[in-house]
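Let's take a walk through a protein fold together. Have the picture open as you read, and try to find each piece as it comes up.

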Amino acid sequence: MATTSSCYTSPFHTGVFSKQQSILPSSTSLLTCSTRRLPISLRSISRPMVVAAAANAVEAEKPAVAQTPSKILPFRVGHGFDLHRLEPGYPLIIGGIDIPHDRGCEAHSDGDVLLHCVVDAILGALGLPDIGQIFPDSDPKWKGAASSVFIKEAVRLMDEAGYELGNLDATLILQRPKLSPHKEAIRANLSLLLGADPTVVNLKAKTHEKVDSLGENRSIAAHTVVLLMKK
């Protein structure tokens with residue numbers, strides 16, 4: 001039960017008190033109050049305050065959430081870049097294909113500039129460390145290693161994260177040799193290593209107009225962009 005109070009004033013005659021009459025100054029009024037009990041009504045409760053209190057209690061019971069939770073995205077985009085010096089006495093391997101030339105890539109592994117670039121693009125899309133951190137050139141076990149090993153690991157990580165290749169676009173930059181006769185073989189082998197349909201793998205080759213080390217046949221470079229789709 002709740003209580004409610006009401007008050008009102010009433011005037012009295014001027015004078016002194018007697019048993020039947022109260023005599024007060026004419027300007028004086030008596031303040032009279034009465035109190036009565038009322039049934040409790042749910043409508044009279046301030047509901048927002050109750051809800052807020054309950055919300056605060058639930059909030060206090062929530063476990064701590066990681067500051068940077070990993071996001072599951074419908075797709076991810078990655079970019080890769082690689083460059084190697086061209087020196088006599090090394091094989092020129094591009095996309096796992098041995099290309100006839102008078103010089104090849106000087107590197108810790110087989111120096112496949114395209115595969116290294118593709119690996120970095122996939123790792124970048126997944127938000128992982130680059131190829132140099134996962135397969136450091138300071139580790140003797142990667143000395144002369146086939147870059148297909150790196151591709152297989154990148155594909156495994158991609159699959160483990162729940163993604164598959166949407167499409168890939170790669171650009172090779174070198175002055176010589178001309179890659180037109182080898183492009184289809186390179187693309188087919190790259191598609192095979194990725195476990196992807198050849199129609200989603202694109203390969204372009206550009207010269208560097210005889211400018212700097214790329215244009216002087218002293219180096220080779222590659223750029224790759226990949227789109228990974230959630231399975």
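Start with the sheet. What you are looking at is a predicted model, and in it strand β3 (residues 75–87) and strand β9 (residues 219–230) are joined by 11 bridges and run antiparallel. To find a spot where they meet, look for His 79, whose bridge partner in β9 is Val 225.

Strand β3 also pairs with strand β6 (residues 104–105), through 2 bridges and again antiparallel. Here Leu 86 sits opposite Cys 105 of β6.

Now go back to β9 and look for strand β7 (residues 163–173). These two strands are antiparallel and share 10 bridges. One pair to look for is Ile 173, which stands opposite Ala 221 in β9.

Here are those three pairings side by side.

| Strand pair | Bridges | Direction |
|---|---|---|
| β3 and β9 | 11 bridges | antiparallel |
| β3 and β6 | 2 bridges | antiparallel |
| β7 and β9 | 10 bridges | antiparallel |

In what order do the strands of the open sheet line up? The order is β6-β3-β9-β7-β8, so to speak a row of 5 strands, and the pairing is mixed. At the edges are β6 and β8 (201–206), each of which pairs on one side only.

Zooming out for a moment, the whole protein has 6 helices and 9 strands. Of its 231 residues, 32% count as buried. What about contacts along the chain? Among those between residues at least 6 apart in sequence, 70% join residues at least 24 apart.

**Helix α2 and its neighbours**

Next, find helix α2 (residues 113–125). This helix lies across β3, β7, β8 and β9, and runs at about 155° to β3.

Helices pack against α2 as well. In general, two packed helices are described by the angle between their axes and the distance between the axes. Let's use both numbers.

Take helix α4 (residues 148–160) to begin with: α2 and α4 pack at an angle of about 15°, with their axes 9 Å apart. Angles under 35 degrees count as roughly parallel, so α2 is roughly parallel to α4. The crossing of α2 past α4 is left-handed. On the α2 side, the contact is made by Leu 115, His 116, Val 118, Val 119, Ile 122 and Leu 123, and on the α4 side by Ser 148, Phe 150, Ile 151, Ala 154, Leu 157 and Met 158. Sorted by type, the residues of this α2 and α4 contact are 10 nonpolar, 2 polar and no charged.

Then there is helix α5 (residues 183–194), whose axis comes within 12 Å of the α2 axis and crosses it at roughly 40°. Is that parallel or oblique? With that angle, α2 and α5 are oblique to each other. The crossing of α2 past α5 is right-handed. Leu 114, Leu 115, Val 118 and Ile 122 of α2 make the contact with Ile 186, Leu 190, Leu 193 and Leu 194 of α5. The residues in this contact of α2 with α5 are 8 nonpolar, no polar and no charged.

While you are at α5, pick out Asn 189, which lies in that helix. Which residues does Asn 189 touch, leaving aside those up to four places away in sequence? They are Gly 95, Gly 96 and Ile 97. Asn 189 and Gly 96 are 93 residues apart in sequence, but their C-alpha atoms are 6.8 Å apart in space.

**A few odd spots in the backbone**

Most residues other than glycine have a negative phi, and most peptide bonds are trans. This model has some places that go the other way.

One is the peptide bond from Arg 176 to Pro 177, which is cis, with omega near -5°. Look for Pro 177 in the loop between β7 and α5.

Another is Lys 210, which is not a glycine yet has a positive phi of about 60°. You'll find Lys 210 in the loop between β8 and α6 (212–215). Is Lys 210 buried or exposed? Its relative accessibility is 66%, so Lys 210 counts as exposed.

Asp 212 also has a positive phi, of about 50°, and is not a glycine either. Asp 212 lies in helix α6. With a relative accessible area of 38%, Asp 212 is partly exposed.

Technical notes
Residues are numbered from 1 along each chain as its sequence is written. This is a predicted model: local features need pLDDT of at least 70, side-chain atom pairs count only at pLDDT 80 or more; totals for chains, interfaces and linings use all residues. Side-chain values use heavy atoms; hydrogens and water are left out. Axes are lines fitted to C-alpha atoms, for helices over the stretch in contact, and angles run from 0 to 180 degrees between N-to-C directions. Helices (H or I, at least four residues) and strands (E, at least two) are DSSP runs, numbered from the N terminus. Angles under 35 degrees count as roughly parallel, over 145 as roughly antiparallel, 65 to 115 as roughly perpendicular and the rest as oblique. A crossing is left-handed if the near helix is turned anticlockwise from the far one by less than a right angle, and right-handed if clockwise. Contact means heavy atoms within 4.5 Å. Ala, Val, Leu, Ile, Met, Phe, Trp, Tyr, Cys and Pro count as nonpolar, Asp, Glu, Lys and Arg as charged, and the others, Gly among them, as polar. Two strands pair if DSSP finds at least two bridges between them. Buried means under 20% relative accessible area, exposed over 50%, partly exposed in between (1.4 Å probe, protein chains only).
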